[in-house]
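Colleague: I have a model open on my screen and I'd like to learn how to read it. Could you walk me through it?

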Amino acid sequence: MIGRRMRYSALAALSLASAAGAQDRTVLPAPEQPFAGTIGETWKDSKPAMPKWVQAPAGAPNVLLILTDDVGFAAASTFGGPVPTPNLDRLARRGLLYNRFHTTAMCSPTRAALLTGRNHHAVSTGLITDLTTGYPGYWAEMPRSAATVAEVLRLNGWNTGFFGKHHNVPGGQTSAAGPFDLWPTGLGFEYFYGFIGGDTNQWRPNLYRGISPVERRHHPETTLDADLATDLIHWLHNQQAAAPDKPFFAYLAPGSAHAPHQAPSDWIAKFKGRFDAGWDALREQSVARQKALRLVPADTMLTPRPAAIPAWDALSDDQRRVHARMMGVFAGM
């Protein structure tokens, strides 16, 4: 789902430069420029010439990319789900909404494919970075030959910032000793504020700014997601104040709704009783809403419930109460 002002691919925007004949962008980083002035026997006989800074094409778009974590296609109200997401709904109405896509259904591979635009096996991330193997495609180390979109845009004049989760660093490279090539600041992001790994506590997260640990925060009145968004907004204000004509690429990857499921109590309270009918009824209701929104064909058949998940009616009263509560916490997050 993308907004109308951001519907053009950031990479496609680079073709504007060649049309304008401004700068050669066929090779990145841009080759060193030859001296365009002249050097005579004396200063009076010489002519200075400063090298040109790399600048984004005229009219280049700002790009805000948001990746939610472990959120199913039928979770948000935007796609017929039970969790009201009014801001996503508004963005969808004003932009484009997609309902046909492919996903790896795993964290690290999805992120590697999204950032590089390549199949996850082609960038050595066939599975979670914590489960690396000694076979090609599964080393969990994205090669330097596969530039991220951040690196491409940075080398073409964008400012780039990363906020949130980065699960593409092998376990042996997450300490203070590095190496840091696969950290966001080694992948084309000029700024990073977030956490490394699959998950972190929403109240007491392990955060980094760049490659330096941030003092542990504990704000029981606000979640990590809110902290990440606040930092992104602060970064944007500074970037736009310093260079209002320079485009930005901001990547926000919150931990929601990956475990641990944590949300303020008043957000959880919003969903009390909302899931008492159970997951079987919820699945039927979600598909019906998706049909009404024309997100899926009218003759779509609901897939069978996985055999490993019992029927809701087969659960005890206590089990139903626990699972309804769990669904409410997920929705609140």
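Modeller: Happy to; we'll go from the overall picture to the sheet, the cores and a few backbone oddities. Keep in mind that this is a predicted model.

Colleague: Let's start with the basics. How many helices and strands does the chain have?

Modeller: There are nine helices and six strands. The C-alpha atoms fill a box of roughly 95 × 45 × 45 Å along the principal axes.

Colleague: And how much of the chain counts as buried?

Modeller: Of its 333 residues, 41% are buried. The chain exposes about 19,700 Å², and carbon and sulfur atoms supply 57% of that area.

Colleague: What share of the contacts joins residues at least 24 apart?

Modeller: It's 64%, counted among contacts between residues at least 6 apart in sequence. As for charge, the chain has 32 positive and 27 negative charges, and their mean positions are 7 Å apart.

Colleague: Now the sheet. How should I think about strand pairing in general?

Modeller: Strands of a sheet pair through backbone hydrogen bonds, and the pairing can be parallel or antiparallel. Here, six strands form an open sheet with mixed pairing, in the order β1-β6-β2-β3-β4-β5. β1 and β5 (212–213) stand at the edges with a single partner strand each, so one side of each has no neighbour in the sheet.

Colleague: In which sense does β3 pair with β2, and in which with β4?

Modeller: β2, residues 159–166, runs parallel to β3, and six bridges link the two. With β4, residues 208–209, β3 pairs in the antiparallel sense over two bridges.

Colleague: Which residues could I click on to see those pairings?

Modeller: On the β2 side, try H166, whose bridge partner in β3 is I196. K165 is another, standing opposite F195 in β3. Towards β4, look at G194, which stands opposite Y208.

Colleague: Is β3 mostly covered or open?

Modeller: Mostly covered: six of its six residues are buried. As a general idea, side chains in a regular strand alternate between the two faces of the sheet.

Colleague: That brings me to the cores. Which residues touch the most other members of the largest nonpolar core?

Modeller: That core has 25 residues, and the ones to highlight are M142, W158, F189, I196, F249 and Y251. Helices α4 (107–116) and α5 (149–154) each supply at least two residues of this core, and so do strands β3 (191–196) and β6 (248–253). There is also a second, separate core of 13 residues, with Y193, L207, F248 and L252 among them.

Colleague: What about the backbone? What would count as unusual?

Modeller: Most residues other than glycine have a negative phi, and most peptide bonds are trans. Against that background, a cis peptide bond joins L28 and P29, with omega about -10°. P29 sits in the loop between α2 (15–20) and β1 (63–66).

Colleague: Which other residues does a cis peptide bond join?

Modeller: S256 and A257, where omega is about 5°. A257 is in the loop between β6 and α7 (265–269).

Colleague: And where do I find positive phi values outside glycine?

Modeller: D70 is one of the places, with phi near 55°. Its loop runs between β1 and α3 (86–94), and D70 is partly exposed at a relative accessible area of 48%. A105 has a phi near 60° and belongs to the loop between α3 and α4.

Colleague: Why does A105 count as exposed?

Modeller: Because its relative accessible area is 70%, and the cut-off for exposed is over 50%.

Colleague: Which residues does T110 touch, leaving aside its neighbours within four places in sequence?

Modeller: T103, T104 and A105, so A105 turns up again, this time as a contact of T110. T110 itself is in helix α4 and is partly exposed, with a relative accessible area of 23%.

Colleague: How far is T110 from T132 in space?

Modeller: They are 15 Å apart, C-alpha to C-alpha, and 22 residues apart in sequence.

Terms used:
Residues numbered from 1 in each chain as written. Predicted model: local features only at pLDDT ≥ 70, side-chain atom pairs only at ≥ 80, totals over all residues. Heavy atoms only, no water. Helix = DSSP H or I, 4+ residues; strand = E, 2+ residues; numbered from the N terminus. Buried < 20%, exposed > 50% of the residue type's maximum accessible area, 1.4 Å probe, protein only. Contact = heavy atoms within 4.5 Å. Areas by Shrake-Rupley, 256 points an atom, 1.4 Å probe, with all protein chains shown as cover. Lys, Arg positive; Asp, Glu negative; His and termini not counted. Charge placed at Lys NZ, Arg CZ, Asp CG, Glu CD. Core = buried A, V, L, I, M, F, W, Y, C linked by side-chain atoms within 4.5 Å. Pairing = 2+ DSSP bridges.
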